[in-house]
Amino acid sequence: MIAVNRRKFLGAGAGGMGLLGLAGAMPAWARGADILAGNARKGLDELSGPNIDLTVARSAFATGNRRGGAIAVNGTIPGPLLRLQEGTTVRLNVHNQLEEDTSIHWHGLLVPFQLDGVPGVSFPGVKPGETFTAEFPVRQSGTYWWHSHSGLQEQAGHYGAIVVDPAGPDPVQADREYIVVLSEFSAMSPHTIFDKLKKGEGYFNYNQNTWTDDYPLSGEDRRMWAKMRMMPTDILDVSSAAYTYLLNGHGPLDNLEYLFRPGERVRLRFINAGAMTFFNIRIPGLPMTIVQADGQNVEPVEVDEFQIGVAETYDVVVTPGAQQAYTLVAESMDRSGMGIATLASAPGARAAIPPLRDPPLLTMADMGMSGMDHGSSGDAGMSGMDHGSGGDMAGMDHGSSGQSEMAGMAGMSGMQMRDTSLLPSDVKVGPGLDMVSMNPVDRMGDPGIGLADVPHRTLDYRKLRALTPHREGRTPSRRMEIHLTGNMERYMWSFDGKKFSAVSDEPIRFAYNERVRVKLVNDTMMAHPIHLHGHFFELVNGAPADRQPLKHTVILQPGGSAQFDLTADEPGDWAFHCHLLYHMHAGMFQIVTVANPDGSEA
Amino acid sequence: MKIRIASLLASVAAGSVLASPAAAQHARHSPAEPQQSAEAQADAKTKCEQEADRHRAMGHPVADGACEPAAQSEAAMDHSEMDHMAMDHGSMPQGKPAEGGMDQSQMNHGEMGQAEAASSSMDHGQMDHSQMNHGRTPSQDMQGMDHSAMQMGSDADIPLLPPPPEAGSGPARAAVAIWGEEAMNEARRELVRETDGGMRFWFQGDRLEYRAREGKEGYLWDIQGYYGGDIDKFWFKSEGEGSFGEPIEDAEVQALWSRAIAPFFDFQAGVRQDLTGPERTHAVIGIQGIAPYQFEVDVAAFVSNKGDVTARFEGELDQRITQRLILQPRAEIALSAQDIPELGIGAGLDRIEAGLRLRYEFAREFAPYVGVSQEWRIGQSADFARAAGEDPSVTNYVVGLRFWF
């Protein structure tokens, strides 16, 4: 392995930015006048050292034919990359130049709770004109990110990458490394987007089933969906109708380039900083080896495509060389658009850009009826059963739903989409709950919506194994269950049928160092990336207990379930929420309280 | 197939034993304490019996006494020889030996006819499911199988419990000690307000149209809107029509309290004021929402200040021809409990209106349309119409605009 100082490549990593010659020419504050006069720059500067200043300010942004208001940190979108060193102490100063409160959450970093940056949970927020300083020891290494936790600011550009270099040798050796921050830009204000979501069902979806579509749906399928008052094409709430998909702030037309020399091992640190978009990542012609998930090293897994949920990070290593150039494709999960960059062996080298693939459809499994989908919905049929991906048939527990459903499948006549008797008593049944998963199987083995039937290797959670055994081996002392609930039509989202406003005085409580197995059940037809602040939890994915992968965010597939083991060893109050920004904004938010080691309440 | 499964079983068994750290797999089988306590055994037995009952309920043969603690030598267990290796060992290394005292080999999983039982725990990625014919054989065995219990068997060892007392109680207030009560309370209130879905104003011109019929040209409006949050809203509606050059024929406004009572339905109650004809004010109760098959429905009953009881049913259905071209059949039925001669309404079925509108959504919020609307007065109402020199059956050709903001 050629030892190369990885840092020197990062500037080039921002692609065209290096060519602009602006990077680092002036400190960020000195460019203030430019920021106010024009657009935020695309791409990211790198900041490191013990004292880092971040200035949040109103800005504007343009890419392709879209232009609109934005929030930029230090004048760029994304904001600067924070390059930290494990074992050091860092002092981060957040200057608020907005006319409203702001905040920064250090997503994935283990920090004292009062520095976690969630207004109303960990601190009061940063008032206009004020500076908030977070000083903490850096206890870990890996790829993370930061973003605003105030209102809808994150959508407007208030996010950036964090890379923490390990104190010891990095088990991942690479000749170059690049950051890939995935996000969206909309000319529409985030509040307008939320308003449209609230008022118009399917407002942004222009891939709906129609009389003239060519979806593999039978008339019977279509009637069944209509009967349920739901759409098989409801994959993402916001599509390319509002979004231009960005890689390091670069739209598809902005020619983002990652340079390489043939044969080099290139490490790509993917961060999904999008507000609402799951991305399918592939580099046609180039296999990717996953080496890290959510900042934690994993046993290498080679794939050709993987889905990254909102707020997740994946590090991959690629060895380009056979071709002059490769196209890095970040296709939105609903396949309404894509973000594009090029891995190029020489500036300007380009590879073909693959066309958008046909949009996927939800399956029986996505309705919470795993195992009942025996080919009734075209190509999606078997994929819903999830056998091919190492999934188990576990959870084919028809006992609870009677067997008439199975028998009545032909006409779906016996189908019960909202059998509230299946819910635990602490789930509130009301207008905010439009569906109950009849058979919420563990869908850890699912590669994500639309990837079950692609003709190449994909990633799923069952393929993740912690690279090194972790210390925790205790059997959880208790289980708990949390239901993800919602109403797509009213655009209400919640945990256990209760919006945060209904439970703001009833946090989810853990004793200090308590080990709990948490089961999340998705009683909706959307995939939700669920994020717990301040901790890593271990996915219960079939790996040995000490190799269960550590994550800060887990995707709950529609109508399915997932379990994680949590050791609650970070005292304080922490946010726990769906990381789809508008779902959180609609109520899918809770506080997790971990008691102090001395037994006192946090 | 059988041979293949058997060899897979063997490899899974061997693999899982070799791969799992012994310490983890035997977390409860402490080497210093090779014998399980009686209590643990009793506990395990109970669980086993529950499990066995479940299997019996599914029609699986489970021998009576299958849950009796086996000989101590079995409790110590030679895993490599155990039949239940067919179960999901992915979960076993997590230190939750589901096997304690249970002899699952007696549960006869192997005899379940289709061998799917055994395969459930295995890596399906390696299996050829096409041979399993799920499409055609939803056999009793398949249906009844509770695979989840097998895979998650270990979960049964972890009790579903509320937090222990050490977890504390009451609101989350850790940050108060650091940032002060006042600042945190304010921030918390703001967070609650912000994540509550918010209050919003919606205004829809559902039908704003020009109507051409034999000999006359007219107009119609049908608007509605609300202000409110997710559950409670102030809802208003107004409808009216007339012919150009004449006084307005019919016009009314409604002011309603609207409350979400079900995922797809709101209950509405309030008042309706008629703006034309004889002075009339009505009390209104109704239901508005989306019925199965995506019908938008609005049903309301009215009691006027003269004591007259009437009712209306409206239904619309959006049929997408393309992403922007939408065909909307619409029907409205008016009923009356009594004759109301001064309004030209007869008891029973009063009026039926059926329409078909084709709109193009330049934006979701802005959609011009063309269409046709047919109205029939029925029974006594028709007689009233004829008496007034009107045709009880009228066809309107319409051009209009649907918009909302």
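In this predicted model, chain A contains an open sheet of five strands, arranged in the order 2-6-11-10-8 with mixed pairing. Strand 2 (46-48) and strand 8 (105-107) of chain A occupy the edges; each has a single partner strand, so one side of each is left without a neighbour in the sheet. On average, neighbouring strands of this sheet are turned by 25° against each other, direction ignored.

Within the sheet, strand 6 (residues 81-85) of chain A pairs with strand 11 (residues 159-165) of chain A in the parallel sense, over four bridges. Leu82(A) stands opposite Ile162(A) of strand 11 of chain A.

An antiparallel pair is formed by strand 17 (residues 288-293) and strand 18 (residues 296-303) of chain A, which are joined by five bridges. In this pair, Gln292(A) stands opposite Asn297(A) of strand 18 of chain A. The two strands form a hairpin with two residues between them, and Asp294(A) takes a positive phi near 50° there. Strands of a sheet pair through backbone hydrogen bonds, either parallel or antiparallel.

Turning to annotation, an unreviewed UniProt entry places the feature "domain: Plastocyanin-like" at residues 67-166, 242-336 and 475-596 of chain A. Two of these spans are described below.

| Span of chain A | Distance between end C-alpha atoms | Helix | Strand |
|---|---|---|---|
| Residues 67-166 | 39 Å | 0% | 45% |
| Residues 475-596 | 21 Å | 8% | 50% |

A separate domain assignment divides chain A into domain 1 (7-172) and domain 2, the latter comprising 361-448 and 460-602. Where these domains meet, eleven residues of domain 1 of chain A are in contact with twelve residues of domain 2 of chain A. On the domain 1 side, the residues touching domain 2 of chain A divide into six nonpolar, three polar and two charged.

As regards confidence, chain A averages a pLDDT of 87, and 86% of the residues score at least 70. Over residues 1-37 of chain A, however, the pLDDT is below 50; this stretch has 55 contacts in the model beyond near neighbours in sequence. The pLDDT is also below 50 over residues 373-414 of chain A, a stretch with 113 contacts in the model beyond near neighbours in sequence.

Definitions and conventions:
Residues are numbered from 1 along each chain as its sequence is written. Chains are lettered from A and ligands numbered from 1 in the order in which they are written. This is a predicted model: local features need pLDDT of at least 70, side-chain atom pairs count only at pLDDT 80 or more; totals for chains, interfaces and linings use all residues. UniProt positions are given in the numbering used here, feature names are shortened, and annotations may be inferred rather than shown by experiment. pLDDT is the predictor's confidence in each residue, from 0 to 100. Two residues are in contact if their C-beta atoms, placed from the backbone, lie within 7 Å. Two strands pair if DSSP finds at least two bridges between them. Domain bounds come from an automatic or database domain assignment. Ala, Val, Leu, Ile, Met, Phe, Trp, Tyr, Cys and Pro count as nonpolar, Asp, Glu, Lys and Arg as charged, and the others, Gly among them, as polar. Axes are lines fitted to C-alpha atoms, for helices over the stretch in contact, and angles run from 0 to 180 degrees between N-to-C directions.
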